[in-house]
Amino acid sequence: MDFLANLSLGFSIAFTPFNLLMAAAGVTLGTFIGALPGIGPVSGVALLLPLTFGMDPVSGIIMLAALYAGSMYGGTITSVLINTPGESASVVTCIDGYQMALQGRAGPALGVAAIGSFVAGTIGVVLLMLMSPLLARWALSFGPPETFALMLLGLTTVTGLTGDHALKGYMSMVFGLMLAMVGFDIISGDARYAFGINEMLDGVEFLPVAIGLFGLGEVLVGAEQVTDMRILRARYGIRDVMLTAADWARSRGAIARGTALGFLIGVLPGAGPTIASFLAYTLEKKVSKHPEEFGRGAIEGVAAPESANNAASSAAFVPMLTLGIPGSATTAVMLGGLMMWGLRPGPLLFEKNPDFVWGLIASLYIANVMLLVLNIAFIPMFVRALRIPYGVLMPLIIIFCVTGAYSLNNKVWDVGVMLVFGGLGYVMRKLDYSPAALTLALVLGPLAERALRQSLIISDAGVAIFFTRPISAVLTLLALSAVAVPAARALRQAVRGRARAAAA
């Protein structure tokens with residue numbers, strides 16, 4: 001009964017006119033943002049976060065969550081039409097989506113992505129709704145040692161946000177932890193690493209850093225890219241995106257498998273939609289009766305990863321809401337937003353703020369329906385948006401970054417911080433370091449430090465407290481394994497490489 005009462009409460013909140021407007025604005029803006037190369041969901045959420053200041057947190061999270069869902073589909077449009085992913089989770093969609101476009105089948109590619117996204121997103125929200133309360137109830141038994149072990153696990157799974165460069169990911173994370181230590185000590189009150197600058201005594205603000213890294217940094221990277229506009233001149237009406245019976249037959253299994261795999265991957269802290277989409281593509285190719293068609297325009301190669309990344313984006317809310325650990329780079333930025341609104345993500349969020357949690361869950365259902373309608377009926381409009389020259393978009397986005405950073409405290413200092421981290425974000429992208437890992441550490445760092453020091457204060461055995469309590473012991477061992485296993489694997493490969501070189 002509690003479950004139905006909570007869901008009813010959520011829909012009563014989500015169906016208010018203002019929240020419906022926020023959901024519609026979120027999916028529309030998200031699809032545009034996802035469709036524009038160089039501006040992914042992380043940048044979109046970071047840029048629009050300042051707009052939610054002064055807004056009710058429920059309305060704010062509804063807009064950001066709808067934007068997240070919209071941008072996941074929007075990235076597909078550029079992947080299919082101009083072979084340029086709008087965001088990282090759509091990279092694998094380029095492989096077969098663009099080949100379908102070259103064969104004159106861009107419409108079915110966009111259509112199956114929209115339908116797969118709707119199915120996966122809706123099932124993902126159902127599973128989010130069923131799993132989150134159970135996980136939150138279990139997490140209520142956590143004390144400081146368990147909380148620190150959980151934060152440690154979240155930080156050590158950072159390799160999921162870093163692609164093939166685990167070491168650079170950890171270096172980015174350590175830099176983020178160093179930034180998180182700037183300001184007053186939480187126990188003694190002493191100033192740390194402020195260098196006599198008054199503005200730094202309160203620590204490094206999350207929002208200017210996020211806007212700089214993901215907004216300005218992405219714009220600078222995008223300015224160097226060249227877009228092929230030929231396929232954009234084709235016709236993309238509603239009839240053109242409808243699937244044939246053969247397309248349906250080939251896609252339905254791919255959508256089901258992509259949804260299941262995407263949700264499982266998305267629940268894992270640090271994994272996120274990008275890994276889910278790549279694994280779904282690999283799985284689909286392995287189980288396919290005609291794997292030779294993959295890479296040449298197989299519709300399953302679009303259906304599976306697009307379903308997986310949307311299921312994963314819903315699943316990423318599970319660890320964020322219940323444990324306070326983001327499941328993706330975008331939810332890491334949202335986590336910072338929750339703290340700025342004065343909310344503490346974690347198990348108590350379900351008890352203390354049921355209107356926030358269930359309003360968000362109900363709005364995700366509504367956002368998925370809006371997205372299906374929007375992305376079938378309004379594809380021509382989004383295609384036109386791709387024709388806007390980047391030279392026009394770039395100054396607008398920079399203005400948005402500056403005003404967003406300034407609106408935080410009405411201080412030029414925050415604009416300066418944003419500009420510095422914008423330059424840093426550009427350099428990190430060029431050198432394959434991870435802005436997402438830095439952001440994750442900046443958000444989780446203060447929480448982890450507080451839990452660590454509380455644990456050591458109550459402990460009579462020092463750090464052994466993390467290994468004497470069952471839950472913290474399991475979580476700590478998992479965190480240590482997350483670092484040790486990839487390191488051992490890399491070391492073994494290096495040894496084998498040297499042995500082969502010596503033998504040659």
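**Close-ups of a predicted, mostly helical-element model**

In this protein, 78% of the contacts with a separation of 6 or more are made by residues 24 or more positions apart.

**View 1. The whole chain, before we zoom in.** What you're looking at is a predicted model. The protein has 22 helices and 2 strands. Of its 504 residues, 55% count as buried. The protein exposes about 20,900 Å², and carbon and sulfur atoms supply 67% of that area.

**View 2. The largest nonpolar core and its best-connected members.** This core has 89 residues, and the ones that touch the most other members are Phe214, Phe317, Leu321, Met334, Leu338, Phe356 and Ile361. Helix H20, residues 435-458, gives this core its largest share, 10 residues. There's also a second, separate core: 29 residues, including Ile265, Ala304, Ile376 and Ile379. As a rule, nonpolar side chains in soluble globular proteins tend to be buried together.

**View 3. Phe317 and the company it keeps.** Which residues does phenylalanine 317 contact, leaving aside its neighbours within four places in sequence? The list runs Ala65, Tyr68, Leu128, Met334, Leu360 and Leu364. One of these partners, Met334, is also on the list of core residues that touch the most other members, as is Phe317 itself. Phe317 turns up again in the next view, in the lining of the largest cavity.

**View 4. The largest cavity.** The structure holds 2 cavities of 30 Å³ or more, and about 80 Å³ of space lies in the largest. Its lining is made up of Ala65, Tyr68, Ala69, Gly121, Val125, Asn310, Ser313, Ser314, Phe317, Leu364 and Asn368. Four helices give two or more residues each to this lining: H4 (57-82), H6 (106-139), H12 (300-315) and H16 (354-377). By type, the lining residues split into 6 nonpolar and 5 polar, with no charged ones.

**View 5. The second largest cavity.** Here the space comes to about 60 Å³. Around it sit Tyr73, Ala114, Ser117, Phe118, Asn310, Asn368, Leu371, Leu372 and Asn375. Asn310 and Asn368 will look familiar, since they appear in the lining of the largest cavity as well. H6 and H16 each supply at least two residues of this lining, and H16 contributes the largest share, 4 residues. How does the lining divide into nonpolar, polar and charged residues? The count is 5 nonpolar, 4 polar and no charged.

**View 6. The second largest pocket.** About 600 Å³ of space lies in this pocket. It is lined by 25 residues, and those closest to its centre are Ala180, Asp202, Val204, Leu442 and Pro446. Two or more lining residues come from each of helix H8 (166-180), strand S1 (183-184), helix H14 (329-340) and H20. H20 has the largest share, with 6 residues. The lining divides into 16 nonpolar, 3 polar and 6 charged residues.

**View 7. Glu449, a buried acid on H20.** Glutamate 449 has its place in helix H20. Is this residue buried or exposed? Its relative accessibility is 15%, so it counts as buried. Setting aside residues up to four places away in sequence, glutamate 449 touches Ile186 and Arg192.

**View 8. Asp247, a buried acid on H10.** Aspartate 247 lies in helix H10, residues 245-267. With a relative accessibility of 6%, it counts as buried because that value is under 20%. Beyond its neighbours within four places in sequence, aspartate 247 is in contact with Arg105, Pro108 and Ile299. Check the spacing to glutamate 300 too: the two residues are 53 apart along the chain, and their C-alpha atoms are separated by 8.8 Å.

**View 9. Two positive phi angles in one loop.** Most residues other than glycine have a negative phi. Tyrosine 193 goes the other way, with a positive phi near 55 degrees, and phenylalanine 195 has a positive phi of about 55 degrees although it isn't a glycine. Tyrosine 193 is found in the loop between strand S2 (191-192) and helix H9 (206-222), and phenylalanine 195 lies in the loop between S2 and H9 as well. Tyrosine 193 counts as partly exposed because its relative accessibility is 49%. Phenylalanine 195, at 69%, counts as exposed.

Definitions and conventions: Residues numbered from 1 in each chain as written. Predicted model: local features only at pLDDT ≥ 70, side-chain atom pairs only at ≥ 80, totals over all residues. Heavy atoms only, no water. Core = buried A, V, L, I, M, F, W, Y, C linked by side-chain atoms within 4.5 Å. Buried < 20%, exposed > 50% of the residue type's maximum accessible area, 1.4 Å probe, protein only. Contact = heavy atoms within 4.5 Å. 1 Å grid on protein atoms, 1.4 Å probe; cavity = no way out; pocket = protein on both sides within 12 Å on 5 of 7 lines; lining within 4 Å. Points joined across faces, edges and corners; volume = space filled by probe spheres on them. Nonpolar A, V, L, I, M, F, W, Y, C, P; charged D, E, K, R; others polar. Areas by Shrake-Rupley, 256 points an atom, 1.4 Å probe, with all protein chains shown as cover.
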